[in-house]
Amino acid sequence: MSKIIVRGGKRLSGRIKISGAKNAVLPIIAASLLATKGECVIHDAPPLDDVMTISQVLRSLGARVHYYNETIRVNAEQLDSCEAPYEWVRKMRASFLVMGPLLARTGYSRIALPGGCAIGTRPIDQHLKGFEAMGAEIGLGQGYIEARVKGRLRGAKIYLDVASVGATENIMMAATLAEGTTLIENAAREPEIVDLANFLNAMGARIRGAGTGVIRIDGVDSLQGTVHTVIPDRIEAGTFMIAAAISGSTVYIEGAIADHLRPVISKLQEMGVTIGEDENGLLVSIDRPLRAVDVKTLPYPGFPTDMQSQMMALLTVSDGTGIVTETVFENRFMHVEQFCNMQAQIKVDGRTAIVSGNTKLRGAKVCATDLRAGAALILAALVADGETEITGVHHIDRGYVDIERKLRELGADIRRYEPEEQTEQVAQEMKIFSIQPTWA
Ligand SMILES: CC(=O)N[C@H]1[C@@H](OP(=O)(O)OP(=O)(O)OC[C@H]2O[C@@H](n3ccc(=O)[nH]c3=O)[C@H](O)[C@@H]2O)O[C@H](CO)[C@@H](O)[C@@H]1O
Ligand SMILES: C=C(OP(=O)(O)O)C(=O)O
């Protein structure tokens, strides 16, 4: 079993470079399926397990996918299947994002049901409602969802009951090739939606309003390959901002886009963190004890749910009591028990957690229950007394490029133990993926 071991108490200093955004690159790779002519070249594609997984989904559909040196090339001119098997969809819910492009391009798609996961049930009703409004017939059976349409999808007005990121992306991709105009109302406004819209427009789509609550898509007849650079990962940037804050350090976060991080910057400033902005990144430093604040997660531009557990780690060592309210996912407090194993004082009541500050965290054996929970445990371990051993590392590898190398370069005492057979398996997977072993 892989594990990450951290010995707490080191100050960090220096600069780290933020990788391309996982949550932008995944829908962008799925959108490459819409190009019937030419290749999509996607730069700053982070070497993450999730990127490998979605590449395998595209390969299973017949697309040619090649990854080298943080650039991914997708040639989807010829597809030979419209079915994304359970084998891949079970690994990563974002695999479901191939449904919109496949349906729009071929009139049919069959995708394994993504199911629930550690942070909540995560239904897909809003994606399906959108496809149905565009004329698709949806069928369910044997663990798969089938969508089919005679001829082309038709433009429609779709009001999302929740501003779902995935539903907005899936419907926006499907609508690019629909007949007529689609309006998505109560659309999600995350920066990753804007990045996807920019990519689709560069392929020849006609999308306006991405980043606002109403997106208008005028359907076109076909899309072709293009070249695109993925936006930097705002959640990775936020995680490193908290690494600096929790360890009382000064760190420059290269590539962080301040405008994408407003809710995080503003909460950290409220706590007493000093944040300097320039056009290349953010300088985070601390010159006073941090005060606890209350945090409520909300869709963008609210405080991101993907930063909730990291913020909770910081609250455990700040002055006072902070109240964390999770409104996006119904079960995203699994990390609380793990923090408590490190002597944190946190009480959960439904969707609210009351976090007592000024805790002297102690190293312990803990388990990453999901991706961000894993990152948050690493953050807590940076200031804990003694050694923390974190298992469930595969969750962390879904979304952080080489987190332990980046933290080590800043001065943290952190290392990873990989059992030998796993090193061999990773080597095999990289061979399939033709990935450069940048993290080996
Ligand atoms: C790959 C990716 O980009 N993942 C992000 C994306 O996930 P994802 O796209 O899955 O998240 P959504 O925005 O869709 O989910 C938000 C809420 O809406 C609900 N919902 C969603 C769809 C639906 O059809 N019906 C429904 O009820 C979900 O259960 C959840 O409670 O946005 C989340 C919210 O910012 C982030 O935490 C994830 O990191
Ligand atoms: C929840 C997350 O991702 P996903 O939607 O891919 O599970 C995340 O990035 O924190």
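**Two domains, a shared core and a ligand shell**

Let me start with the boundary: 18 residues of domain 1 are in contact with 14 residues of domain 2, and please keep in mind throughout that this is a predicted model. On the domain 1 side of that boundary, helix H13, residues 393-399, contributes the most, with 3 residues, and the residues on that side divide into 6 nonpolar, 5 polar and 7 charged. As for the division itself, domain 1 takes in 3-19 + 232-421, while domain 2 runs over 22-229, and the centres of the two, taken over C-alpha atoms, are separated by 30 Å.

Turning now to the interior, the largest nonpolar core holds 150 residues, of which Met 241, Ile 253 and Ala 380 touch the most other members. Helix H12, residues 371-383, supplies the largest share of this core, namely 11 residues, and because domain 1 and domain 2 both give residues to the core, it lies between them. If we look at Ala 380 in particular, and leave aside its neighbours within four places in sequence, we find it in contact with Ala 313, Thr 316, Phe 339, Met 342 and Leu 361.

Finally, the ligand. Ligand 1 is surrounded by 22 residues, and the closest are Asn 23, Gln 126, Ser 164, Val 165 and Gly 166. The elements giving two or more residues to this shell are helix H1 (22-31), helix H5 (125-133) and helix H6 (165-175). Nonetheless, the shell draws at least three residues from each of domain 1 and domain 2, and by type its residues divide into 10 nonpolar, 7 polar and 5 charged.

Definitions and conventions
Residues numbered from 1 in each chain as written. Chains lettered and ligands numbered in written order. Predicted model: local features only at pLDDT ≥ 70, side-chain atom pairs only at ≥ 80, totals over all residues. Core = buried A, V, L, I, M, F, W, Y, C linked by C-beta atoms within 7 Å. Buried ≥ 20, exposed ≤ 12 C-beta atoms within 10 Å, placed from the backbone. Helix = DSSP H or I, 4+ residues; strand = E, 2+ residues; numbered from the N terminus. Domains from an automatic or database assignment. Contact = placed C-beta atoms within 7 Å. Nonpolar A, V, L, I, M, F, W, Y, C, P; charged D, E, K, R; others polar. Near = placed C-beta within 6 Å.
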